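Me: Could you walk me through this one slowly? I'm new to reading structures, so please explain the terms as they come up.

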Amino acid sequence: MKTIYNSIRDEVIQHSKVKNSVLGRVTEWKRSHYIILSEIIKDELSEAEELKGGKKFEIGSTISHVTLQRFFENDYQDKTHNDLRFLKTLDKICIFLGYKDLNSYIQFVKEKKLVNEQENDQKFYQMVYDYCATVFEFYKEFPNHKTGIFKNLVFDESPFLERVSQFSKEICERDFHLVTKNNRSNYEVFDLHLVTDEPDKKIIESQEFWNLLFKVGESDEEHFVNQLNTQIYFIRKINGEWKIWDNYNPDAGRLNKK
């Protein structure tokens with residue numbers, strides 16, 4: 001409830017009728033400013049559809065400047081801010097903000113939080129998709145060893161990049177070429193989900209299918225990779241930047257050996 005309490009205060013400050021009044025031109029509100037805010041809210045509530053009928057008599061259509069001052073200047077406390085009178089005040093403030101009541105506002109905040117979380121998750125899922133697409137482009141360059149292609153996705157000093165670089169260099173030295181004609185080589189990434197969600201660390205699990213054909217130089221020697229496996233990506237935030245730090249592929253040892 002404390003989060004809702006603070007969110008309502010922020011929305012009142014950002015309300016167009018408040019921002020476009022004298023209240024929007026001062027940094028610290030005094031008693032006189034809360035009187036003005038009380039009048040602004042009263043004018044809006046007098047026209048509110050939600051207060052036409054019995055609800056107007058149930059919760060009223062005004063908020064005193066004293067109550068508003070307490071609301072803005074006092075920290076949230078469960079005992080003080082969960083009694084019926086104060087919840088009615090929150091109902092009226094939420095109606096002023098354009099919602100049906102406090103419950104509607106709470107539902108809106110929950111839905112907004114869910115959407116934000118989904119969008120945030122999608123950002124990190126996209127990082128995995130982009131990494132896999134970059135890996136495929138990296139293979140296309142073989143036997144040229146262009147690890148710089150990972151710069152925007154993988155930390156330079158990461159153990160992951162070190163392993164990728166070492167293994168791929170050996171393949172390039174063996175003159176491997178990726179066969180892409182007629183879609184002979186392809187891949188698919190699916191079923192991504194967030195395993196760990198921390199302020200500076202995300203762990204994402206994915207299912208990946210890699211179907212690759214490599215030829216050695218001008219010879220007829222061919223090497224196939226046809227593998228469906230689970231990949232675990234460790235993504236970190238360092239100096240304000242999110243990139244892949246490490247990866248766990250349970251089949252890496254066997255594939256490297258092959």
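Reply: Let us start with helix H3, where His33, Tyr34, Leu37, Ser38, Ile40, Ile41 and Leu45 are buried. Buried means under 20% relative accessible area, exposed means over 50%, and partly exposed is in between, all with a 1.4 Å probe and protein chains only. Helices (H or I, at least four residues) and strands (E, at least two) are DSSP runs, numbered from the N terminus.

Me: Where do those buried residues sit around the axis of H3?

Reply: They are on the same side of H3, because they cover an arc of only 165° around the axis, the arc being that of the directions from the helix axis to the C-beta atoms.

Me: And what do they pack against?

Reply: The buried residues of H3 pack against helix H1 (2-14), helix H2 (16-19), helix H5 (65-73) and H7, where contact means heavy atoms within 4.5 Å.

Me: Before we go on, what kind of model is this, and how are the residues numbered?

Reply: This is a predicted model, in which local features need pLDDT of at least 70 and side-chain atom pairs count only at pLDDT 80 or more, while totals for chains, interfaces and linings use all residues. Residues are numbered from 1 along each chain as its sequence is written, and side-chain values use heavy atoms, with hydrogens and water left out.

Me: OK, new topic: how many salt bridges are there?

Reply: The structure holds 11 salt bridges, a salt bridge being a side-chain nitrogen of Lys or Arg within 4 Å of a carboxyl oxygen of Asp or Glu.

Me: Which residue does Lys55 pair with?

Reply: Lys55 forms a salt bridge with Asp101, and their closest N and O atoms are 3.9 Å apart. This pair links distant parts of the chain, 46 residues apart, with Lys55 in helix H4 (residues 54-59) and Asp101 in the loop between helix H7 (84-96) and helix H8 (102-140).

Me: Is Asp101 buried or exposed?

Reply: Asp101 counts as buried because its relative accessibility is 14%, whereas Lys55, at 23%, counts as partly exposed.

Me: What about Lys140 and Glu137, how far apart are they in the helix?

Reply: Both lie in helix H8, three residues apart, which is about one turn of the helix, and their side chains meet in a salt bridge of 3.2 Å, N to O. Lys140 is partly exposed at 40% relative accessible area, and Glu137 is partly exposed at 36%.
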